Structures are given as C-alpha cells and as structure tokens.
Amino acid sequence: MKNFFRKIASNRRLRMGAMSTVIVCLCVAVIVLLNVAVTALEANWNLRYDVTSNKMYSIGDQTKDILKNLSKDVKITTVFQEGAENKLIEEMLGKYKQHSDKLHIENIDPIRNPRAVDRFKTDETTAISAGSVIISNMEETKSRVLDAYSFYETTMDEQTFQTQTTGYKGEQTLTNAIVYIVSENTPVIHFLEGHQESDMFAFSSYRTYFESLNFTVSSLNLILNENTLKKGDILVIAGPKTDMTEAEYEKVKNFMYDGGNIIFMADGGMPSLPNFEALLALLDIKLGHDIVYELSENDRYMEPIYPIPRAQSHDITTVLSYNNLPAVFLNSASFILPQIEKNNVKIEKLFMSSDKAVGKTNFQSTTQEFEEGDLKGPLALGLAVTNHNFNDESKNAKIALFGSVNAFTQAYEIQGNMATLVYTAAWMQNNKDALVIAPKSFSTPILAVQSELQLNLLFLLTVVAIPGIVIAAGIIVFLRRRHL
C-alpha cells in the first residue's frame, strides 16, 4: 500500500489525476448536501426561490400586507381528491400561510367525504365540485366558494370559438375572497326587475368579477321589497321596456339622494319611459330616443350599428386605454347633455362617437345618413355623473349612463365591455386601488428579432463566437496538459 501511494506521489500524471478525482468527489458531495439542505428548507419552512419569469409561484406586496394585517382568523378548505391535488394552488396557499398565522388550511376529499362540503352550500342548486377552494370565517357563517375555473384566465378564439386557458389569476381570486370574509360591510349590486329589463342572470359572466370586488349580487323588485336599498349599494337598471311606478320612482330618487349609486343602461330605440327619464332629468340629462349609426369606418365593428366609441379620460376607462381594449356598443342610444351643468352635478364623458355618427330618431327611415330631426355626432354614449351633497359628502351619489345594454349582455365576451362594467363598480366604491392583479401568463416568451442586423449578430454570437471560445479554451488546456 505504501508503494502504491509512493508511486502516485512520484508520478506527476497520476498525482494530477488523483487530485482531479478528489475534487470531483468533493463537488458531488457538496451538491448532494446542498440539495438535501434545500429539500429540508422546503419541507419544513416552505422556503423556495421562484425563478419563473412571471413569478408564477410568488405573491405580491399588496397581498403580503393584507395577510400581515388580518384582524380575524380565516379558514381555507380545499376540495381535492387524494392524488389529484392542484399543486399550483397548494404552492400558493403555502406562501399565504408563511405570511399569516391567522390562516387555517384543511382539505376535504370529495370521494371519501362527499357530503362534508354541503354545509357551505347557499342553496340546493349550488354545486361544490372537486378542485374548489372554500374561504370562510372560523364559524363558517360567511363563506365564498371558488371553483377550479375561477383561478384561471381564459380567452375565446374568435375563429374557432374554442376556449383556451392563458393564465393563472389565483392570487387575485384568493386574496379578494379573504378580504371579503374579514370585511365588516359588504355592498350589494341590485339588478332591478319588473320592467322587462335584463335580469341578473343576463349578467352571470360578471358575477365572479363583482365578487372579487367584494360585492354580493342580487335581484330586486321595488314593489315587493321594502327598505332594501342602502347607501353605498349599486342599483343596475338594464334596458327597461316598461316604465316604473311613481312609488318606485320615489324610492330610487331617495336612494340616489341618500348616497346610492345607479348604473342605467339604455337601448337603441327605447320607448318613452317618463319616470325613468325623470331620474335622468334630476341630473339635467335627456335620453336621445335614437339609434346610433357610426358612419366612420375606423370607429365601428363591421356594421354602422356596432359603434366602437372613443374612450375618454376617466378612472373607469383608464384600463381600456392602457391595455388598448376597445368597447363595442351594439344598438346604442345616445344622451343629450345640458348646456350648463347644475352646481351640484358633475358630468364626465366616458364614451363618445365620432363626429360622423348619426343618431337616427326616425326608426322607419331607410337611410343611415343624417335627416332633419336626427342627432349629429359626436354623440355621448357613456357618462359618469356625480351628484354632490354639499351638506353631507358621504351622501354623494355616482351614476353611470350607458347607451347600450346589449354591450354588456350580448357582447360581454369583449374584454373592453366587461372591463368597463367592472371598473364602473370599482369607481362607485372609490376603489381606485382595487386588487386587480394581472393574471400570470402560461405563454412562453418569444425572442423577437427586429432587423436583419440583429439576426446576423445573434447568429455570430451563438453559432460562431461562443462555440469558438469554448473550442479555443479546450485546445489551450489540452496543450498545456501535454507538457505537464
């Protein structure tokens, strides 16, 4: 054995080989120990570093602040079958747990305990499927059920009409549900019924978005329900075809003067509705009783009856301008503004037609061109109105007027239309800092080469320069070792 080590010590080549072997073994040992240490940190403290480009497994500072300042304990119940857990959601819940000891997470296996989630059902038609997450208070008297689909962003291919999952919005969904559970007051969005208007089921696609802003959604018949409207709520009047009664008018007027918020949606060719129009008259605004035809080809979608109105600067439309999202108003009416505004009424334009648009008032006309009695563009298709109460600012009312109910019921899949209605609700709650976190995209970033010069430089760098440097370094090392 001594001769063996003596032989190695006296032979330079063997000595260098042995040293290389030892170094390789040490490096392998260090990598193994490092891997064991990282695994232990992950298993015991859920410590991981997110190297994804869009931070798929991370949460934002706003969510961390909300979790840090939770005033109440919150229970999170996942409904995952054993062996079919949603790893992405479990990862995120682990991150949430790191930032608050007031979160209590448990799982219910829907196969082993199929009736265990029934206590969270609000009615017999509510279905709680596998993959759902339920956020509740500890007493389970207040809860919100998040189905598996609510965690993902989807888009529809306009050519194939197939729905594709494009992103993950778990942080926004989870955090807003937690805020809802710990909130003391929950405003309500009421959809008015009884006048052949579009009911709340026509707006079912918006429900998740409204709930993400911590609203509850309900229908309302003012004749059958007493004292339902309260300050801070939103009353949606979606394209009525018959008029309200005097008693209903008084209730809505008092609601507005007490700080209630109203979203009024007209419709092209809407009949005369004196009591509904009397509400607009309180703001010195009139309904155009027209159908808007957009004659500018750059400001419409295919046909003149589908105007794409120009978004004006406002908190509601900021998201449309920033993301270049058009809104399409189908079969829209217009609104006529006062020459001089009342001191207590602030009228802001949201959507305007081009100056080539025509508001046709004769519905039997066979031409889309301007005729006597028609309204000339630019026409107001969307308005945001604030009715100030100078004696009590808490009773300021916000009213949004839109000329097209179809924009939100028939064309809801157009992102600009959906964003308009959702951000209108946020504006009415003075919620400029609403937690609207951009979904984390599943798409793979693509390197875009802008010019032939860039393409040539990229080729030289990756195909010639980098491989050439590696080959040259290898030759130098080889030649040096030959002379050792």
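Which residues form one aromatic cluster? I looked this up before anything else, keeping in mind that the model is predicted. The cluster is made of Phe191, Phe203, Tyr206 and Phe210.

**Entry: aromatic pairs**

I then counted aromatic pairs and arrived at seven. I took up the pair of phenylalanine 329 and phenylalanine 351. Their ring centres are 5.2 Å apart, the planes stand at 55° to each other, and I noted the pair as tilted. I checked where the two residues sit in the chain. Phenylalanine 329 is in the loop between α9 (318-323) and β14 (335-336), and phenylalanine 351 is in strand β15, residues 345-352. They are 22 residues apart, and the pair links distant parts of the chain.

I asked next whether these two rings are buried or exposed. Phenylalanine 329 is buried, with a relative accessible area of 1%. Phenylalanine 351 is also buried, at 1%.

Phenylalanine 329 turned up again, in a pair with phenylalanine 408. Here the centres lie 6.2 Å apart and the planes meet at 65°, so I wrote this pair down as edge-to-face. Angles over 60 degrees count that way. Phenylalanine 408 belongs to helix α10, residues 406-409. The separation from phenylalanine 329 is 79 residues, and this pair too links distant parts of the chain. I found phenylalanine 408 buried, with a relative accessible area of 0%.

**Entry: charges over rings**

I looked for charged ends placed over aromatic rings. Lysine 142 has its charged end over the ring of tyrosine 180, at 4.7 Å from the ring centre. I recorded another case at phenylalanine 370, where the charged end of lysine 376 sits over the ring, 4.9 Å from its centre.

**Entry: cysteines**

How many disulfides does the structure hold? I found zero. I wanted to know why cysteine 25 has no bond to cysteine 27. The sulfur of cysteine 27 is the closest cysteine sulfur to that of cysteine 25, but the distance is 9.3 Å, which is too far for a bond. A disulfide would need the two sulfur atoms within 2.5 Å. Seen from the other side, cysteine 27 is in no disulfide, and its nearest cysteine sulfur is that of cysteine 25, 9.3 Å away.

I also noted how accessible these two residues are. Cysteine 25 is partly exposed, with a relative accessible area of 47%. Cysteine 27 is partly exposed as well, at 43%.

Key: Residues are numbered from 1 along each chain as its sequence is written. This is a predicted model: local features need pLDDT of at least 70, side-chain atom pairs count only at pLDDT 80 or more; totals for chains, interfaces and linings use all residues. Side-chain values use heavy atoms; hydrogens and water are left out. Buried means under 20% relative accessible area, exposed over 50%, partly exposed in between (1.4 Å probe, protein chains only). Rings of Phe, Tyr and Trp (its six-membered ring) pair if their centres lie within 6.5 Å; planes under 30 degrees apart count as stacked, over 60 as edge-to-face and the rest as tilted. Helices (H or I, at least four residues) and strands (E, at least two) are DSSP runs, numbered from the N terminus. A charge sits over a ring if NZ of Lys or CZ of Arg is within 6 Å of the ring centre and within 35 degrees of the ring normal.
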